[in-house]
Amino acid sequence: MTHDPAIETRGLTKHYGSVEALTDLDLEVRAGEVFGFLGPNGAGKTTTIRTLLDEIRPTAGSAEVLGMDTHSHSVEIRSGIGYVPGDLAMYPNLTGRDTLTYFANLRGGVDWDYVGQLAERLDAELDKKVGDLSSGNRQKVGLIQAFMNRPDLLIMDEPSSGLDPLVQREFQAMMREVAAEGRTVFLSSHTLSEVQRVADRVGIIRTGRLIALEAVADLRSKAMRRIEFQFSEPVEAAVFQEVDGVSDIEVLRRRVMLSYRGHLDALLTLLAGRYDIVDITTHEADLEEIFLTYYRDEEEGA
């Protein structure tokens, strides 16, 4: 395993005439992490992936995958990655097993025992023609072909499309296992709940520009949350107004409800020295709330 970043871009830009699909993307995805790449349809996620895979050429900037330039070493890069495109298409008259054999031959062979394990975990139907499979079962075949050569880097564009919840959970476990082995997952998605469960860090992209790049835990700690305190004695609202990040304060004698953006320890440190806290209830913001907050802030800033 190399210690180079799995993916590194510098000023990566792609314009289609007057359409700025991707602008000045500076991104580093570390080896051994699950990286979530978030944004709605049209934000630039697929353009980024297609540029990394040298399917399209950038207007400006550069990118490296597994320590190699994406254009001059595109063939070598492909041997070290697994890829699930967002518009997955396969030969309809081949069975799932035939499809996997075809990809295995392109890669110089695979461990078929491992392929069998993947198929069992995903409950995949490999002996039916791909054209006769549901979209979810076709997706399973696509996932198996991406994982089966144990690549150093998995690049996946909306990979959970069509999967039922139990299979999604197994797929999430597979991604975490890849990271635990020191390999890397680049997960492009607008399924925020999935990214929240598996990702170490996330990048949020809006209209072709990266607007946030942080660890999931840090994003959640800085997001707005709703907190309810129960004290042993009445308190005044003015006490809470001293703390940066506090808003929407409601005081009902011994019970206080407020919104707070920041690390909780700053708030608790202030209160612990003054009042006897009987109980605390907090509603942690999930990734969807954080995501929408970033987009709302960007719109207000614009």
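Among contacts in the protein between residues at least 6 apart in sequence, 68% join residues at least 24 apart. Contact here means heavy atoms within 4.5 Å. This is a predicted model, in which local features need pLDDT of at least 70 and side-chain atom pairs count only at pLDDT 80 or more, while totals for chains, interfaces and linings use all residues. Residues are numbered from 1 along each chain as its sequence is written, and side-chain values use heavy atoms, with hydrogens and water left out.

**Whole chain**

Show the whole protein as a cartoon. Its C-alpha atoms fill a box of roughly 75 × 45 × 35 Å along the principal axes. There are eleven helices and 14 strands. These are DSSP runs, numbered from the N terminus: helices are H or I with at least four residues, strands are E with at least two. Of the 302 residues, 46% are buried. Buried means under 20% relative accessible area, exposed over 50%, and partly exposed in between, with a 1.4 Å probe and protein chains only.

**Stop 1: H3 against H5**

Select residues 96-106, helix H3, and residues 135-147, helix H5. Their axes come within 10 Å and cross at roughly 25°. That makes H3 roughly parallel to H5. Angles under 35 degrees count as roughly parallel, over 145 as roughly antiparallel, 65 to 115 as roughly perpendicular, and the rest as oblique. The axes are lines fitted to C-alpha atoms, for helices over the stretch in contact, and the angles run from 0 to 180 degrees between N-to-C directions.

H3 passes H5 in a right-handed crossing. A crossing is right-handed if the near helix is turned clockwise from the far one by less than a right angle, and left-handed if anticlockwise.

Now show side chains. Gly96, Thr99, Leu100 and Phe103 of H3 meet Val141, Ile144 and Gln145 of H5. The residues of this contact divide into four nonpolar, three polar and no charged. Ala, Val, Leu, Ile, Met, Phe, Trp, Tyr, Cys and Pro count as nonpolar; Asp, Glu, Lys and Arg as charged; the others, Gly among them, as polar.

**Stop 2: H4 against H5**

Keep H5 on screen and add residues 112-122, helix H4. The axes of H4 and H5 come within 10 Å and cross at roughly 145°. H4 also passes H5 in a right-handed crossing. From H4, pick Tyr114, Val115, Leu118, Ala119 and Leu122; from H5, pick Lys140, Leu143, Ile144 and Phe147. The contact of H4 with H5 holds eight nonpolar residues, no polar and one charged.

**Stop 3: H6 against H5**

Add helix H6, residues 165-180. The axes of H5 and H6 come within 13 Å and cross at roughly 10°. The two helices are therefore roughly parallel to each other. Lys140, Leu143 and Phe147 of H5 contact Val167, Phe171, Met174, Met175 and Val178 of H6. Seven residues of this contact are nonpolar, none polar and one charged.

**Stop 4: the cores**

In soluble globular proteins, nonpolar side chains tend to be buried together. A nonpolar core is a set of buried Ala, Val, Leu, Ile, Met, Phe, Trp, Tyr and Cys residues joined through side-chain atoms within 4.5 Å.

Which residues touch the most other members of the largest nonpolar core? Select Ile144, Phe147, Met156, Phe171, Met175 and Val185, out of 44 residues. H6 gives this core its largest share, six residues. Apart from it lies another core, of 23 residues, among them Val29, Ala43, Leu53 and Ile77.

Center on Ile144. Leaving aside neighbours within four places in sequence, Ile144 is in contact with Leu100, Val115, Leu118, Ala119, Leu122, Ala124 and Leu126.

**Stop 5: Ser188**

Move to strand S8, residues 184-189, which holds Ser188. Is Ser188 buried or exposed? Ser188 is buried, with a relative accessible area of 0%. Not counting residues up to four places away in sequence, Ser188 touches Phe37, Lys45, Ile49, Met156, Asp157, Glu158 and Pro159.

**Stop 6: Arg206 and Thr207**

Select Arg206 in strand S9, residues 201-206. Arg206 counts as buried, at 19% relative accessibility. Add Gly39: the C-alpha atoms of Arg206 and Gly39 are separated by 6.2 Å, though the two are 167 residues apart along the chain.

Step on to Thr207, in the loop between S9 and strand S10 (209-215). Thr207 is exposed, with a relative accessible area of 57%. Its phi is positive, about 40°, although Thr207 is not a glycine.

**Stop 7: Leu66**

End in the loop between strand S4 (60-65) and strand S5 (68-69), where Leu66 sits. Leu66 has a phi near 55°, a positive value in a residue other than glycine. Leu66 counts as buried, at 17% relative accessibility.
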